[in-house]
Amino acid sequence: MFTSYGFVGFILLLFFLYYIIPKRFQWVLLLLASFGFYFTAGTYYPLFILATSLSVYAAGRKMGSYDRELELYGQKIKNGDIPRPSREEKKAYKKQINQKKKRWMLLCLIFNIGILAVLKYTNFAIDNINFLLERTGAHPFPYADFILPMGISFYTFQAVGYLLDVYWNRCEPQKHVFRFMLFVSFFPQLIQGPISRYDDLKDTLYQKHSFDWKMVRFGLERMLWGYFKKLVVADRISAAVGILMEDPDYYTGAFVLIGMLFYAVQLYADFTGGIDITIGIAQVFGIHLEENFIRPFFSKNIAEYWRRWHITMGTWFRDYVFYPFSISRPLKTITSFCKRKFGMSVAKRAAVYISTMIVWLATGIWHGADWHFVAWGLTNGMIILISGELSPLYERFHTRFPRLERSAFYRAFQVLRTFLLMSCIRLFDNYGSVRTSIRQFIHMFTRFDIDAVTKQELLDLGLTVSDYAILGLGVLTMFSVSMAGRNGRAREKVAKWPYALKFTAYLLLLFAVLLLGNYGIGFDAKQFIYNQF
C-alpha cells in the first residue's frame, strides 16, 4: 500500500492540508486521515479498530477513576473529613479498589486479545482439531470465514500496552476519546509498526506543529531511502526467493544456502524499508516514532540481534509478558518447588527458562498462525538459553585469549556466525513447513554441490544479469550506510556534506527508485520499469 501512486498522492494532499489549517486541528486531520486510510484497506476494518480504541479508552478511564478514589480517600483521612481507619481497614479498602481496577483491566484485556485470537487463530485451531478427527474417522469442522483486519496485531499490542501502563500507574489515562483513537489508529504504523508506547508518542502526536524544513527534509530523505530498499532491492530479489522456496525438491543442497541468503536480504530490505517510510512519514508531520532497527546484521550474538531487530516488538514482549510472568504466582510456586527439591541454582534457572520460552512461544504465534512460526520462536528461545548457559565458557575463552577478542577478524567472525545462525532459523519462515525446513537444513550439508549452481540456474530464478548487478549495488549501498551509521546517524553526517554533493547523492537515489524500482508484473529488463504498479 505504501508503494502505490494513490498513497503518494494521499500523503501529498495530507501534507498540504496539515500545514495550512489551524494548528489546533492538526491532530483531528490525522485522525480523519487514519480512519480514511483504514477504510480504503477494508470497508469493515474501522469497526475493529474502533472497538479496540473505545474499549481500552473506557477501561483506562475507569481504572483512572479508581486511582482518584484512592487519592481522595487518603486526602479525606489527612484532612480529618472521615474517622481515621485502622491499618487493616485501610489495607482492606485499598485491596477492594485494586480488585475492581484489576477486574476492568482483565475484562478489557480478554476482550481485545480475544478479538485477535478469534480472527487470527480460529482456523489454526480448527486445522489441528481436524487433524486429530481425521485419525478417528470423525467428521471435520468447517473452517471459519473471518476477515483479518490489516495491522490488527500491531494496534492491538499498542492498545494493550497502554492498558497495562495505566493499570500499573506508568501513565495517566487519556481523557479525550478522539485523541486516544488517534494514538491507536495513527496510519503510518498500522501496517508493520513500530509498536509505540503512549508516553513516547503523546509528546509529539498531539502537539501543534509548525512547518520545519529540516524536519520535513529529514522525513523525505528517510522515505526515499525506504523506497530504495523496498522497491530496488526487496521487491527485485523476491522473485528468486519465491522460486527457490516453491520447489524445495529441486532447489536443495547449495540452493538452500543461496535461498537463505537471498531471503535475509529480502526480509531486511523489505522490513526496514517499510519502517523507514513509516518513520519518514511521521517525521514530515513533525511526529517522532521510535527506531525499530539498529544495524541488526552487525550483532555478535542472537540476544544482541534481537535487541537490534524489531526493537519495539522485543521490548513489548519483555515488559508486558516476560517481566509480569516471571513474578507471577504460578511461576513463584514452580520456583519454590525447584528450590526445595533441587536448590537455588535450579530454581533461578527454572524461572528464566520458563519465562523465556513462554515469551518466544508467544512471539512465534504472534508472527503467524502456523506450527512453523511456533518452531521458529521456540528455536530462538532455546538458542538464547543455550548461549546464556555457555557464557562462563565464553568468558574463560576471552580471558585466555584477550587479544583475539579485540581483533577485527574475530568480531567479523562473530557477526558472520550470528548472521548465518539467524538465517538458518529463518528456514522455518522460508518454507512454511517444519518438516521441509529441517529436511532442507540437513540437505544443505549432505547434498551440497556448488557445481550445481551454474550461471543458467541462477538466471532461471527470474533474475537477469542486470538484476544481479543492481542487487549487488543495492546491498553494497545498504552495507555502506550501515557502516557509516556506527558512530552516529548516517543522515546527520550526510547533512554536513557540501550542498552540491548532498544534492547529487539524493538525486541519484531518487533516479534509482524511479528507474530501477521493481514495480510489478511485466518487468522490462531494458527499461527497468514495471508496466503495472
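**Exercise 1. Surroundings of R170**

Task: In this predicted model, find which residues R170 contacts beyond its neighbours within four places in sequence, and decide whether R170 is buried or exposed or in between.

Solution.
- Step 1. Place the residue: R170 sits in the loop between α5 (152-167) and α6.
- Step 2. List the contacts: with neighbours within four places in sequence set aside, R170 is in contact with D165, D199 and Y320.
- Step 3. Classify the exposure: R170 has a relative accessibility of 45% and therefore counts as partly exposed, since that class lies between the 20% and 50% limits.
- Step 4. Check a distant residue: V374 is 204 residues from R170 in sequence, and the two C-alpha atoms are 32 Å apart in space.

**Exercise 2. The loop between α6 and α7**

Task: Locate Q189, state what Q189 touches, and describe the peptide bond that joins G193 and P194.

Solution.
- Step 1. Q189 belongs to the loop between α6 (177-185) and α7 (198-205).
- Step 2. The relative accessible area of Q189 is 3%, so Q189 is buried; the limit for that class is under 20%.
- Step 3. Not counting residues up to four places away in sequence, Q189 touches F154, Q158, F183, P194, S196, L201, T278 and L289.
- Step 4. One of these contacts, P194, is also in the loop between α6 and α7.
- Step 5. The bond joining G193 and P194 is a cis peptide bond, with omega at about 5 degrees. Most peptide bonds are trans.

**Exercise 3. Salt bridges of helix α8**

Task: Work out which salt bridges R222 forms and which parts of the chain they tie together.

Solution.
- Step 1. Begin with the total: a search of the whole structure finds 16 salt bridges.
- Step 2. Take a pair inside one helix for reference. R217 and E221 meet in a salt bridge, at 3.3 Å from N to O. Both residues lie in helix α8 (residues 213-246), four residues apart, or about one turn of the helix. E221 has a relative accessible area of 11% and is therefore buried.
- Step 3. Turn to R222 and D276. Their salt bridge has its closest N and O atoms 2.7 Å apart. Because R222 lies in helix α8 and D276 in helix α9, the pair ties together parts that are 54 residues apart in sequence. R222 and D276 are both buried.
- Step 4. Add E291, whose side chain meets that of R222 in a salt bridge at 2.8 Å, N to O. E291 lies in the loop between α9 and α10 and R222 in helix α8, so this pair ties together parts that are 69 residues apart in sequence.
- Step 5. Compare the exposure classes. E291, with a relative accessible area of 23%, is partly exposed, whereas R222, with 12%, is buried.
- Step 6. Assemble the network: R222, K229, D276 and E291 are linked by salt bridges.

**Exercise 4. Positive phi values**

Task: For R295 and H310, give phi, and determine the location and exposure class of R295 and H310.

Solution.
- Step 1. Recall the background: most residues other than glycine have a negative phi.
- Step 2. R295 has a phi near 45 degrees, a positive value in a residue other than glycine. R295 is in the loop between α9 (254-284) and α10 (302-308).
- Step 3. H310 is not a glycine either, yet its phi is positive, at about 45 degrees. H310 is in the loop between α10 and α11 (311-326).
- Step 4. R295, at 22% relative accessibility, counts as partly exposed, while H310, at 2%, counts as buried.

**Exercise 5. Packing of α14 and α17**

Task: Describe how helices α14 and α17 are arranged and which residues make the contact.

Solution.
- Step 1. Choose the descriptors: two packed helices are described by the angle and the distance between their axes.
- Step 2. The axes of α14 (residues 371-389) and α17 (residues 408-425) come within 10 Å and cross at roughly 150 degrees.
- Step 3. From α14 the contact uses W376, T379, N380 and I383; from α17 it uses L421, M422 and I425.
- Step 4. Sorted by class, this contact has five nonpolar, two polar and no charged residues.

**Exercise 6. A nonpolar surface patch**

Task: Name the residues of the nonpolar patch on the surface and classify the exposure of F503.

Solution.
- Step 1. The patch is formed by Y499, F503, L507, L510, F511, L514 and L515, which together have about 690 Å² of accessible area.
- Step 2. F503 is in helix α23 (residues 499-516).
- Step 3. With 46% relative accessibility, F503 counts as partly exposed.

Methods
Residues are numbered from 1 along each chain as its sequence is written. This is a predicted model: local features need pLDDT of at least 70, side-chain atom pairs count only at pLDDT 80 or more; totals for chains, interfaces and linings use all residues. Side-chain values use heavy atoms; hydrogens and water are left out. Axes are lines fitted to C-alpha atoms, for helices over the stretch in contact, and angles run from 0 to 180 degrees between N-to-C directions. Helices (H or I, at least four residues) and strands (E, at least two) are DSSP runs, numbered from the N terminus. Contact means heavy atoms within 4.5 Å. Ala, Val, Leu, Ile, Met, Phe, Trp, Tyr, Cys and Pro count as nonpolar, Asp, Glu, Lys and Arg as charged, and the others, Gly among them, as polar. Buried means under 20% relative accessible area, exposed over 50%, partly exposed in between (1.4 Å probe, protein chains only). Patches are made of residues with over 30% relative accessible area and no salt bridge: like charges are joined within 9 Å, nonpolar side chains (Val, Leu, Ile, Met, Phe, Trp, Tyr) within 5 Å. Accessible areas come from the Shrake-Rupley method with a 1.4 Å probe; for residues, only the protein chains shown count as cover. A salt bridge is a side-chain nitrogen of Lys or Arg within 4 Å of a carboxyl oxygen of Asp or Glu.
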